[in-house]
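Please look at the predicted model below. The paragraphs after it go through the aromatic side chains, the surface and the overall fold.

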Amino acid sequence: MKLSLILFGIYSVVLWLCVPLTPTLETFGYPETVNDIKTDAQILNLLQEYNKAIVRTTDILKWFLFGFIWFFMTNIYLYTTHRENEFNPKNKN
């Protein structure tokens with residue numbers, strides 16, 4: 001259990017470091033008025049940056065959920081088999 005918690009912690013930190021650090025998702029990255037966007041190319045660039053950040057964040061969330069479910073189910077399995085072996089009358093001397 002201790003080893004799997006350490007490995008899951010390392011896995012979570014690696015995924016956290018993969019989260020995109022784009023200023024486009026922060027409040028100062030939004031255009032404040034319509035006049036801030038003068039061409040269609042600016043709109044396209046803004047939407048592409050948002051899309052890249054959202055897709056990357058979604059991928060990281062997907063991998064985190066996969067790792068969390070794997071970790072959770074593995075530990076439940078190990079715990080139940082340990083408890084079963086502990087209370088199984090066939091194992092008693």
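Start with phenylalanine 68, which has a relative accessible area of 36% and is therefore partly exposed. Phenylalanine 72 is also partly exposed, at 43% relative accessibility. The two residues sit four apart in helix 2, so about one helical turn separates them. Their rings form a stacked aromatic pair, with 6.1 Å from centre to centre and 15 degrees between the planes.

The structure holds seven aromatic pairs. Another of them joins phenylalanine 8 and tyrosine 11: the ring centres are 6.2 Å apart and the planes meet at 35 degrees, so this pair is tilted. The angle falls between the limits of 30 degrees for stacked and 60 degrees for edge-to-face, which is why the term tilted applies. Both residues belong to helix 1, which covers residues 2-18, and they are three residues apart, about one turn of the helix. How much of each is accessible? Phenylalanine 8 has 15% relative accessibility and so counts as buried, whereas tyrosine 11, with a relative accessible area of 26%, is partly exposed. The cut-off that matters for phenylalanine 8 is 20%, since buried means under that value.

These residues also belong to a wider group. Phe8, Tyr11, Phe64, Phe68, Phe71 and Phe72 form one aromatic cluster. Phe8 and Tyr11 are the members already placed in helix 1, and Phe68 and Phe72 are in helix 2.

Next, the surface. Leu61, Phe64, Leu65, Phe68, Ile69, Phe72, Met73 and Ile76 make a nonpolar surface patch of about 730 Å². Of these, isoleucine 69 is found in helix 2, as are phenylalanine 68 and phenylalanine 72. The protein as a whole exposes about 8,200 Å², and carbon and sulfur atoms supply 69% of that area.

Asparagine 75 is also part of helix 2, which spans residues 40-87. Is asparagine 75 buried or exposed? Its relative accessible area is 11%, so asparagine 75 is buried. Which residues does asparagine 75 contact, leaving aside its neighbours within four places in sequence? They are Met1 and Ser4.

Finally, the overall fold. The protein has two helices and zero strands. Of its 93 residues, 12% are buried; asparagine 75 and phenylalanine 8 are among them. Taking contacts between residues at least 6 apart in sequence, 68% join residues at least 24 apart.

How values were computed: Residues numbered from 1 in each chain as written. Predicted model: local features only at pLDDT ≥ 70, side-chain atom pairs only at ≥ 80, totals over all residues. Heavy atoms only, no water. Buried < 20%, exposed > 50% of the residue type's maximum accessible area, 1.4 Å probe, protein only. Contact = heavy atoms within 4.5 Å. Areas by Shrake-Rupley, 256 points an atom, 1.4 Å probe, with all protein chains shown as cover. Patch = residues over 30% accessible without salt bridge, like charges linked within 9 Å, V, L, I, M, F, W, Y side chains within 5 Å. Salt bridge = Lys/Arg side-chain N within 4 Å of Asp/Glu carboxyl O. Phe/Tyr/Trp six-rings, centres within 6.5 Å; stacked < 30°, edge-to-face > 60°.
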